[in-house]
Structure formats: structure tokens, C-alpha cells
Amino acid sequence: MKNVALITGASSGIGQDLAHIHAELKKDLVIVARSEDKLKSLKKELEDKHDVQVKVIVKDLSDPQSAQEIYDELKAENIEIKYLFNNAGFGGVGDFYKREWAKDESMMMVNMVTPSYLCRLFLPDMMKRKQGKILNVSSTASFLPGPGQAVYYASKAYMQFFSNALWQEVKAHNITVTNLMPGATKSGFGGRSGMDKTALFSHPASSRSVAEAGYKGLMNGDLDVITGVDLATRILIKLKPLIPKKVLLKQIHKAQTIAD
Ligand SMILES: NC(=O)c1ccc[n+]([C@@H]2O[C@H](COP(=O)([O-])OP(=O)(O)OC[C@H]3O[C@@H](n4cnc5c(N)ncnc54)[C@H](OP(=O)(O)O)[C@@H]3O)[C@@H](O)[C@H]2O)c1
């Protein structure tokens, strides 16, 4: 396999579009998620259309061993990862004290711990080769605390800060770590998290457009990519330090409450 991208969460949404974009460039892929049928049909489609090789790894990324198992499987088959896309993730609305702990614990594993572990495992190999690019998918949620979705927002803030710190640490080794921050995007995410019923999801961007912006940012080695947000949100992000925090918290809580 050549010019291989490892894409987590490739069975749906942004990850699936990232896989299409990579394959359209005639580059090989390792695609990871839990939905075996979806991954297998994506593999067939990409191999048939683009004459690339696609390896499927079915894995639950909330399992603490999952990152090591993926790394070991690829090492055993001598598959070198040139591009790592830490894309898998999920949210879930509801005030923290009412939410099921197991779901939030699993969210922290999938959104923060496993992607960090994958970076830790693949970075040393990239450094040895002096070649590699990582795209970590956080969110515009990473700019703010998120009452009504406390763990999700905090997990994305972690990914933003983690990715930016790595960018600085490894850039001298010809490795880049790009932090992708999409706004509301049409994918499986809205339905799974309950976010599609909130005001924040009134005009979602297409997952293809978000994936294209992320892929371009990865290739450029950009530090941050903000995409899928309207002008008003861009301005809000810039003005955020000037808005009293208590006002922001109230507004966000309201925006994330599901209307009856
Ligand atoms: N959509 C938005 O509005 C939005 C906005 C900002 C950021 N994001 C971020 O963008 C990323 C991609 O989300 P999306 O919008 O494309 O949503 P999506 O369509 O729901 O896709 C999520 C992907 O993550 C995978 N995944 C979830 N839990 C997993 C687990 N335990 N183990 C393995 N894979 C798992 C899913 O695969 P399986 O279910 O097959 O395992 C799926 O392929 C996420 O990190 C999300 O937080 C999304």
C-alpha cells in the first residue's frame, strides 16, 4: 500500500467524505469504525472506482486497547501510515448531571483518549521517516464551554489545545498536526447526539465541503481550519473574549436546549 491514510470514523459523514477525497487522489486507505457493513461497502466502492487499496479495521474506539491494536495490526502487515485522520467522535445533548455516565465516559475515550493514543503511537514512526501529516477533528465547540453538552465541548477544547501543542512540538521534524473545527455539519452526528433538534443546527454545512476544507488544511500543514460556519459565528468567535462569560453560558445553554 502507498501514501496510506488511516481514517477513523470513515463509515459515515465527514470521515466517509475524507476517504472519498483521499481515494480520488489514487492514494490507499485504512478505514476504521464499528459498522463493518458500511466499511466493507465503502471499501468496494473506492477500490472499484479509483483503483486503490483499502483495508478495513472494525474497531470500537471507546475500548482503551483499540489504538494499540490498530497500530499492532498495521505494523504486522508493514503498512506505513503517512496521513492520520482522527475523525471519529460523537456528542450528546442533556445536562451533565442527568446524562448516563457510561455514555460520557465512552465519549471521552472516542473524542480524546484514543485519538491522543493514536498520535502517540504513529508520531515516532513519522518522525523517523521525517514525513507525516495528522488531522484532528475538533469543532467550533472547542472555543467555548458547552452547558447542555458539557463533556462534548470540553472534549473538543482538549483536541484543539492538544493538536495545537503537537503542531509546535513536531513541526521541526517535517510533521504537521492540523486542528479542524467544523460548525454544524449534515452527517450522522446531529441525529445521534440530538443536536439536530437544537437551534444550532438550522443551517448545517455539507460533510463534503467540511472534508474538503480539512483535507486542504492537512495538505497545507495549517495549524487551524475553521469551516462550515456563517459570518455571524466567525465574528462571535473573534468577539468572544469581550462578551461576559455568564452571558455566553446562558446563551449557549439556551441554544442547546431541545424545544418541546
Ligand atoms: N456534524 C457536525 O455538526 C460536527 C461539527 C463539529 C465537529 N464534528 C466532529 O466531526 C467528527 C465526525 O463526525 P460526523 O459529523 O461525520 O458524524 P457521523 O456521521 O456520526 O460520523 C461519526 C463517525 O465516528 C464513528 N464512531 C463513533 N463512535 C465510535 C466508536 N465508539 N468507535 C469507532 N468509531 C466510532 C462512527 O462510526 P460507527 O458508528 O460505524 O462506529 C462514524 O463513522 C466527529 O469527531 C464530530 O465530533 C461534527
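In this predicted model, Ser35 is placed in the loop that runs between strand 2 (29–33) and helix 2 (36–50). With a relative accessible area of 27%, Ser35 is partly exposed, because that value falls between the limit of 20% for buried residues and that of 50% for exposed ones. Ser35 is separated from Ser12 by 23 residues in sequence, while the C-alpha atoms of the two lie 9.2 Å apart in space. Both serines belong to the group that comes nearest to the ligand, a group that also includes Arg34, Tyr152 and Ser187, out of 32 residues around the ligand.

The shell around the ligand can be described further by class and by element. It consists of 13 nonpolar, 14 polar and 5 charged residues. Helix 1 (13–24), helix 5 (150–170) and helix 6 (189–193) each contribute at least two residues to this shell. Among the polar contacts, a polar side-chain atom of Tyr152 is found 2.7 Å from an oxygen atom of the ligand, and a polar backbone atom of Ile14 lies 2.8 Å from an oxygen atom of the ligand. For Gly9, a backbone N or O atom is located 3.0 Å from an oxygen atom of the ligand. Taken on its own, the ligand has 870 Å² of accessible area, of which the protein covers 98%.

Gly9 also takes part in a contact within the protein, since its backbone oxygen lies 3.1 Å from a polar atom of the side chain of Asn87. Asn87 is situated in the loop between strand 4 (81–86) and helix 4 (101–129). At a relative accessible area of 10%, Asn87 is buried, because this value is under the limit of 20%.

The strands are considered next. An open sheet of 7 strands is present, with parallel pairing and the order 3-2-1-4-5-6-9. Strand 3 (54–58) and strand 9 (224–227) stand at the edges of this sheet and have a single partner strand each, so one side of each remains without a neighbour in the sheet. On average, and with direction ignored, neighbouring strands of the sheet are turned by 15 degrees against each other.

Strand 1 (residues 4–8) is mostly covered, with 5 of its 5 residues buried. In a regular strand, side chains alternate between the two faces of the sheet. In strand 1 both faces are covered, with Val4, Leu6 and Thr8 buried on one side and Ala5 and Ile7 buried on the other. Strand 1 runs parallel to strand 4, to which it is joined by 4 bridges, and Ala5 has Tyr83 in strand 4 as its bridge partner. A further 4 bridges join strand 1 to strand 2, again in parallel, and in this pairing Thr8 stands opposite Val32 in strand 2.

Towards the other edge of the sheet, strand 5 (residues 132–137) and strand 6 (residues 175–182) run parallel and are joined by 6 bridges, with Leu180 in strand 6 as the bridge partner of Val137. Strand 6 is in turn joined to strand 9 by 4 bridges, and these strands also run parallel; here Met181 is paired with Ile226 in strand 9. Strand 9 has a covered face, formed by Val225 and Thr227, and an uncovered face, formed by Asp224 and Ile226.

Backbone conformation was examined as well. Most residues other than glycine have a negative phi. Lys26 has a positive phi of about 65 degrees although it is not a glycine, and this residue is placed in the loop between helix 1 and strand 2. Lys26 counts as exposed, because its relative accessibility of 53% is over the limit of 50%. Asp51, likewise not a glycine, has a positive phi of about 55 degrees and is found in the loop between helix 2 and strand 3. With a relative accessible area of 70%, Asp51 is exposed, since this value too is over 50%.

Definitions and conventions. Residues numbered from 1 in each chain as written. Predicted model: local features only at pLDDT ≥ 70, side-chain atom pairs only at ≥ 80, totals over all residues. Heavy atoms only, no water. Near = heavy atom within 4 Å. Polar contact = N/O pair within 3.5 Å; in protein donor to acceptor, adjacent residues only side chain to side chain. Areas by Shrake-Rupley, 256 points an atom, 1.4 Å probe, with all protein chains shown as cover. Nonpolar A, V, L, I, M, F, W, Y, C, P; charged D, E, K, R; others polar. Buried < 20%, exposed > 50% of the residue type's maximum accessible area, 1.4 Å probe, protein only. Pairing = 2+ DSSP bridges. Axes fitted to C-alpha atoms, helices over the stretch in contact; angles between N-to-C directions.
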